[in-house]
Structure formats: C-alpha cells, structure tokens
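Visitor: Before we look, I would like each descriptive term to be set against the criterion behind it.
Guide: Then let us take the terms one at a time.

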Amino acid sequence: MSLRSPLGRVLGTGAARDGVRHWWLQRLTSIALVPLTVWFVVSLLVLPSFGYGTLVAWMRQSSTALLLILLVLVAAWHSQLGVRVVVEDYVHSAGTRTLALVMVLFTHVLLATAGVFAVLKVAFGGAP
Amino acid sequence: MPTRPLSPHLSVYRMSRYTLATSIANRFTGMALSVGLLLLVYWLLAVAGGMQSYARAVRVLATPLAQLVYAALIVACCYHLVAGLRHLVWDTGHWLERAQSQKSAWLVVAASFVLILIIAYRLWFAGAHAP
C-alpha cells in the first residue's frame, strides 16, 4: 500500500514540492549558455583592444547589448542553481544552510541586476 | 565517528578514477566561474561608470594576480563547457556505460585542452592586445 496521495502522485513534485524544476532549469540554462559563452569569448578575442573607447563602441551595438544582458542573466541563473547544490551538499547545519542559500540567491539577483543595469547604461549612451 | 552504520562515503571510491576526477573538476570549475561572474559584473560596472572609473578598474584588472585569475577562468570555462556538454549527452541516456564514460572523460579533457590552446594562441601570439 502506498502512503502517497493520488493528488501527490499526479502532481509528481515529490517531498520538496518542486519536482524536477531545479534539474530542468539547470539543463535549460546550460544549453542557452553554450552559444552565449562561445559568442562572448570569441567577441573578446577579436576586439582590437580592451581600451575604454573600443569597449563602449562595442557595447553600444544593439546586438552586443542584447547578448551581454542575456549572458549576465542566464549565467547568474545557472550559477545560482549550481552554488545552491554545493551549499545543500556541504553545509550540514540547517540554520546555516538556510542562511547561506538566502545569501546565495540575494547575491546572484544583485549581480544579475547590476550587470543588466551596467550594459543598459552604456548602451543608451549614459557614459561619456 | 559514530558507531552506527554509515552509508558509503569518499573512502569507498577509488579517487584515481578519472570519471570521479572529471565530475569533481566540473563542480570545482563551476564554482570558479561563479567568481568569474562577479568579475564580469565588476568589469561591466567599471565601463558603465565612465572613463575614469574604467581607468581605476584597469589598475586592478591588469595586475599579474588578475592575469593569473583570467588564465584560471579560461581553463575553467573551457572545461566546464565541454564537461557540461557531456552531461547533456548523459541526460539523453547515451554514453552511460562504464567503458563509454571512461572514454568520454578523456575526450572531455582532450577537447577542453584544445580549446584552451586555441584561446592561449590567440591571446599571446596572434592577438597581442593589452587590457
């Protein structure tokens, strides 16, 4: 006799009430990061210099700004999912673990927001 | 150690197995790239802050220590990318047999090494641009 409720079996979200969401999001973000990372590395390698003027001109192109924003957002998301698992694996005390997970989430949201803000600021010509 | 029975831990695995080494390396490089994300955002904010803010950041970003960090990040990025692709193949149910996963472990190391060499060649021999 199974002690699982019929509703629980249908929803299939398990004890953590989250199902395969974490696993699936980690896969989706990793697939998205393949072209984004390759684009970013190749772009940096073909830039004529890392001087201020060159970088601003590069970041003001719409395609660069768009892809940089996507890179920052998806990388932060993927990183948060990954660091979360490491914290869950190695921090054993429940209180410290919860605190660490909240800090990890907040840090990543802050990084993503700051990155997007910086790209938009340059792209819309705020920088002199 | 408690006297109650414990589930098998690190000591039961053969640490020299490259399948194990590649798995740990994937997690380790992932953590390194999280630090790289911090550096990326710092760099973007420095550019957004204007010419003087970027000049100040470059003084930090061009130190030998920072160069060492970039080298580590390039290695981590290449490895994590290739090892991640191997995970995606596993997710489709392929290459899961022991012999196949040992073979793909070597493939991952070889492929990431080739990527690292290409980037290093471009950076130090063909590119020659200073940060």
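**Terms and their criteria**

Guide: In this predicted model, helix 4 of chain A and helix 5 of chain A are roughly antiparallel to each other.

Visitor: Why are helix 4 of chain A and helix 5 of chain A called roughly antiparallel?

Guide: Helix 4 (residues 62-90) of chain A and helix 5 (residues 94-123) of chain A pack at an angle of about 170 degrees, their axes being 9 Å apart. Angles over 145 degrees count as roughly antiparallel, and the two helices are therefore given that description.

Visitor: Which residues of helix 4 of chain A meet helix 5 of chain A?

Guide: Helix 4 of chain A contributes residues including Ala65(A), Leu68(A), Val72(A), Ala76(A), Val83(A) and Glu88(A), while those on the side of helix 5 of chain A include Arg97(A), Leu101(A), His108(A), Leu111(A) and Val119(A). By class, the residues of this contact divide into 17 nonpolar, 4 polar and 3 charged.

Visitor: What makes Glu88(A) partly exposed?

Guide: Glu88(A), which lies in helix 4 of chain A, has 13 other C-beta atoms within 10 Å. A residue is exposed at 12 or fewer and buried at 20 or more, so Glu88(A), with its 13, is partly exposed. Its C-alpha is 19 Å from that of Arg27(A), the two residues being 61 apart in sequence.

Visitor: How do you know that Val91(A) is buried, exposed or partly exposed?

Guide: Val91(A), in the loop between helix 4 and helix 5 of chain A, has 15 other C-beta atoms within 10 Å and is therefore partly exposed. Leaving aside residues up to four places away in sequence, Val91(A) touches Thr96(A), Arg97(A) and Ala100(A). The C-alpha atoms of Val91(A) and Gln26(A), which are 65 residues apart along the chain, are separated by 21 Å.

Visitor: How many residues does each chain give to the contact between chain A and chain B?

Guide: Chain A gives 30 residues and chain B gives 26 residues. On the side of chain A that touches chain B, helix 2 (21-46), helix 3 (52-60), helix 4 and helix 5 each supply at least two residues, and by class that side has 22 nonpolar, 6 polar and 2 charged residues.

Visitor: What makes up the largest nonpolar core?

Guide: The largest nonpolar core has 34 residues, and among those with the most contacts inside it are Met59(A), Val72(A), Leu37(B) and Val47(B). Elements giving two or more residues to this core include helix 2 of chain A and helix 4 (98-127) of chain B, but helix 1 of chain B gives the most, with 8 residues. Leu37(B) touches Ala75(A), Ala76(A), Ser79(A) and Leu111(A), not counting residues up to four places away in sequence.

Visitor: How do you know that the span of helix 3 of chain B is close to the expected one?

Guide: Helix 3 (residues 64-91) of chain B has 28 residues and reaches 40 Å from its first C-alpha to its last, set against the 40 Å expected at 1.5 Å a residue. The buried residues of this helix include Ala76(B), Tyr79(B), Leu81(B) and Gly84(B), and the helix is followed by Gly93(B), whose phi is positive, near 95 degrees.

Visitor: What makes up chain B as a whole?

Guide: Chain B has 4 helices and 0 strands, and buried residues make up 21% of its 131 residues.

Technical notes. Residues numbered from 1 in each chain as written. Chains lettered and ligands numbered in written order. Predicted model: local features only at pLDDT ≥ 70, side-chain atom pairs only at ≥ 80, totals over all residues. Axes fitted to C-alpha atoms, helices over the stretch in contact; angles between N-to-C directions. Parallel < 35°, antiparallel > 145°, perpendicular 65-115°, else oblique. Contact = placed C-beta atoms within 7 Å. Nonpolar A, V, L, I, M, F, W, Y, C, P; charged D, E, K, R; others polar. Expected span 1.5 Å × (residues − 1). Core = buried A, V, L, I, M, F, W, Y, C linked by C-beta atoms within 7 Å.
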